[in-house]
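Here is a short tour for anyone opening this structure for the first time. Keep the 3D view handy and follow along.

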Amino acid sequence: MKKTISLLLALIMILALCACGQSAAPAPAAAQAPAPAEEPAPAAEPAPEPAALVVDTCILKEADDAMINNYSLLAVNPDAPFADADGNPVTDVELNTVGAAALINWLLSEEGQDLAANYGFDQYGEYLFYLKDGRPVSTAEIPAATEETKKIRLSTTTSVNDSGLLGYLLPIFEDKYGYEVEVYSAGTGKSIANAKMGNADLILVHSKKQEEAFIEEGFSYVLDGMDAERLNWMYNYFVLCGPSADPAGVKEAADVKAAFKAIADGKYTFISRGDGSGTHTKEISLWPEELGITADAESFKDYTDWYISANTGMGACLVMAEEMHAYILTDKATFLTFVANDGVMG
Amino acid sequence: MKTMAFSKTYGKRRVLELPELELPEGQITAVIGPNGSGKSTFAKILAGIERADEKKALLSGGSVGYLPQKSFPFRMSTVKNILTNGNDPARAAALMMALDIEALAGQSAKKLSGGETARMALCRILMSRYDLLILDEPTTAMDMESTLAAEKLIRDTCGETGCAVLLITHSISQARRIADRVLVLQRGELIEQGAAEAVLSAPSKEETRRFLDFYGL
Amino acid sequence: MGSSIRKAIELILSADPELLNILSTTAKVCLTSSVLALVIGVPLGILFGAERFPGRKVLLVLNRTLIGMPPVVCGLLFYMLFSGVGPFRHLHLLFTVKLMIIAQVVLITPIIIGVMETFVADTAPALRETTRGLGFGRIKEYKLLINECLYSIFSAYLLSFARAIAEVGAVAMVGGAIAWKTNVMTTAIMMYTNRGSFTLGIALGLILLTLSLLVNVVLSLMQGRLSR
């Protein structure tokens, strides 16, 4: 027993020493960060204050129609052609259709829409999501949860989850009606596959092509009072970010496609998500067609000197872009969080 | 006690081929012979640890106690626990006293030296009564003083309980000190047997003489 | 590192409810799965080590193969089996702590079997020779064998606990890292890393290591007492 206590004490002391030692000495990471790799920074520039990291990456191109990021809700069809791993049909997949409809109706109700539209303004001074004109609106009565309909499984993408929108909206819904929403977040591909395997009652994604394929295959259905399977009610913009010095001249480019061409022509470092996410899909569609960049690694093997396929989350890619003074396509919500946290993401 | 004739083969190699043997009760029969002569295999087969080719009972009956050459040390128990495991503590104390390990009673067996472990192992096998007691080199790890104490203990036990003792040993002087009878093994065969005194002082076989001479006796 | 350590201490001191939830889920999953694996693995390991029976060698080779199974493959397998379209869908176990425990038991049990088998195969023959020489029956023989195994049972447990607490592939796959429900330390670290919150990731990593250290200290002390 004595030994245990002394070991514990030693451990606490080591931790405390580390913490103290660190606050006395300047953070080595801070000393490194301002050293520019490519920029012709004037030598006279004194080292900036070492305490906070200053984010150099900034938004260079935004609100371009080619960069609209549409968010859609799709209820999973209980009569969808579910099939097991061998392709044999499975007819008795259990879905919580009542719960899914309740959540969708609430998100599309006046209350849900107001909350979503105003989300983020208090924190960032900017709106993160915009309501679409002609969006579906619901006035349907929302039933309170019962023992059978209580658990709602929502499959969504990491970028939606990382924006914090669901963490803000869902507790309000849960408190009011007694449901429990379990959020499964993964890349768009995995998230949709998860629903196709009967593990989600509804999906919230932002990749039109994949959503249409999902509907085409019969995995979604039209809810009562709605016109279509794909309930696209909200959007925001992807933004093209890069070093403030903007060596590729992206800011002056006529449109976003021209901006991407300028980056490719000048071989300026570009960080790609490379993980099949909605952001990745969008990015691929913006490169000049003659480059032939696709999600396939073979397609960019000649561009590896400037095109970096990171295969990781948005935040991790932003940290990378900041360190490498690289260009990057990101959703605005994640970028604003990144800047608000001085580029260390939490 | 009598043993049947038997043989033992590993693969194609015949390692042991023995005739019917007599193991008189109340007497110590020593088995001597050079390394690899099959002494330990003989002991194991009699003890039922290994099987002879014949696959039948080799002994005419009665209980057998066997102390292997490398007795398992039971590292996780104390000496006392190992000895009194279900048996009477008075006898354990007497045995420990005889081999001068009573001071180690409360110790974990893990901490014993080689000689102490060997003494503990001998005590343990002597805790129970058997009709035939097979001891495979019980004193090899002991110093001279302990060896003599152990020999006396074996002798006394044999006398008191009237059991037959089969003592495997590589020490001819040990055989001379405590054995009543001697079996000489060589290359898996019994080359000579008889009263200890006769075999060890005046061997009738040339091979036995060479073996005894080789060991400086 | 310094900022991460400070963050780790801050996090602990703030008693953030989500962190506490993650910690308790982690403890529940790791402790249950490692103990269950021990309960299943030790008898099997002793059996494989002490007995010779037909098919034993084949089973041992299979077991060694299972030791090398990547956690994510194990997770994927269970994900497919317990999915809404999988054969065990009616059990409703996907994305639950229960299934995370089951998947980890499948991952860890082979390690325990392997450790115990190696030790027992080394110990049993000499022990058996001695106990049979003493005329003991099988039950007494096994009692003594298990007593001799105590030390290595502890070692096996430490190893399996370490594997359970460090493992991420399987729990991420079958648990889905659902907040307040199946998110454990490793999946949370992965989530923060993907988000680029490296500092927070390392802070959680430090807390995980500290917990692991505490468990190891306690168990090592118990093991030390055992050997005295």
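## A buried proline in chain B

Let's start with one residue. B:Pro203 has 20 C-beta neighbours inside 10 Å, so it counts as buried. Keep in mind that what you're looking at is a predicted model.

Where does B:Pro203 sit? You'll find it in the loop between α7 (196–201) and α8 (206–214) of chain B. If you skip the neighbours within four places in sequence, B:Pro203 is in contact with B:Glu192, B:Thr208, B:Arg209 and B:Leu212. For a sense of scale, pick out B:Ala109 as well: the two residues are 94 apart along the chain, and 42 Å separate their C-alpha atoms.

## How the chains meet

Now zoom out. There are 2 pairs of chains in contact, and chains A and C share the most contacts. Chains A and B, on the other hand, are joined by no contact, and their closest C-alpha atoms lie 21 Å apart.

Chain B does touch chain C: 15 residues from chain C and 19 residues from chain B take part in the contact. On the chain C side, the elements giving two or more residues are α5 and α6 (138–166). The largest share of that side comes from α5(C), with 6 residues. Sorted by class, the chain C side has 6 nonpolar, 5 polar and 4 charged residues.

## Chain C, a chain of helices

What is chain C built from? Its secondary structure comes to 9 helices and 0 strands, so to speak a plain run of α-α-α-α-α-α-α-α-α when read along the sequence. Its C-alpha atoms fill a box of roughly 65 × 50 × 25 Å along the principal axes.

Chain C has 228 residues, and 46% of them count as buried. Take the contacts in chain C between residues at least 6 apart in sequence: 77% of these join residues at least 24 apart.

## Helix α2 of chain C and its partners

Helix α2 (residues 17–50) of chain C is a good one to follow. Its axis and that of helix α5 (residues 97–133) of chain C come within 5 Å and cross at roughly 35°. The crossing of α2(C) and α5(C) is right-handed, and the residues of this contact divide into 23 nonpolar, 9 polar and 2 charged.

Then there's α6(C). The axes of α2(C) and α6(C) come within 9 Å, crossing at roughly 140°, and the two helices are therefore oblique to each other. This crossing of α2(C) and α6(C) is right-handed. On the α2(C) side, the residues that meet α6(C) include C:Cys30, C:Ala37, C:Val42 and C:Ile46; from α6(C), the residues include C:Ile146, C:Cys149, C:Tyr157 and C:Phe161. By class, the contact of α2(C) with α6(C) has 14 nonpolar, 3 polar and no charged residues.

One more residue is worth a click here. C:Leu47 lies in helix α2 of chain C. Is C:Leu47 buried or partly exposed? It has 17 C-beta neighbours inside 10 Å, so C:Leu47 counts as partly exposed. The C-alpha atoms of C:Leu47 and C:Ser212 are 30 Å apart, with their positions 165 residues apart along the chain.

## The two domains of chain A

Over to chain A. Its domain assignment gives domain 1 (33–40 + 52–65 + 237–340) and domain 2 (70–234). The centres of these two domains of chain A, taken over C-alpha atoms, are 29 Å apart. Their contact takes 15 residues from domain 1 of chain A and 16 residues from domain 2 of chain A.

Which elements give two or more residues to the domain 1 side? They are α11 (278–286), α12 (314–324) and α13 (332–340) of chain A. α13(A) gives the most, with 5 residues. The residues on that side of domain 1 of chain A divide into 4 nonpolar, 8 polar and 3 charged.

## A closer look at α12 of chain A

Let's finish with α12(A). Of its 11 residues, 8 are buried, so α12(A) is largely enclosed by the rest of the structure. Among the buried ones are A:Met314, A:Cys317, A:Leu318, A:Val319 and A:Glu322. Right after α12(A) comes A:His325, whose phi is positive, near 55°.

Note on methods:
Residues numbered from 1 in each chain as written. Chains lettered and ligands numbered in written order. Predicted model: local features only at pLDDT ≥ 70, side-chain atom pairs only at ≥ 80, totals over all residues. Contact = placed C-beta atoms within 7 Å. Axes fitted to C-alpha atoms, helices over the stretch in contact; angles between N-to-C directions. Helix = DSSP H or I, 4+ residues; strand = E, 2+ residues; numbered from the N terminus. Left-handed = near helix turned anticlockwise from the far one by under 90°. Nonpolar A, V, L, I, M, F, W, Y, C, P; charged D, E, K, R; others polar. Domains from an automatic or database assignment. Buried ≥ 20, exposed ≤ 12 C-beta atoms within 10 Å, placed from the backbone. Parallel < 35°, antiparallel > 145°, perpendicular 65-115°, else oblique.
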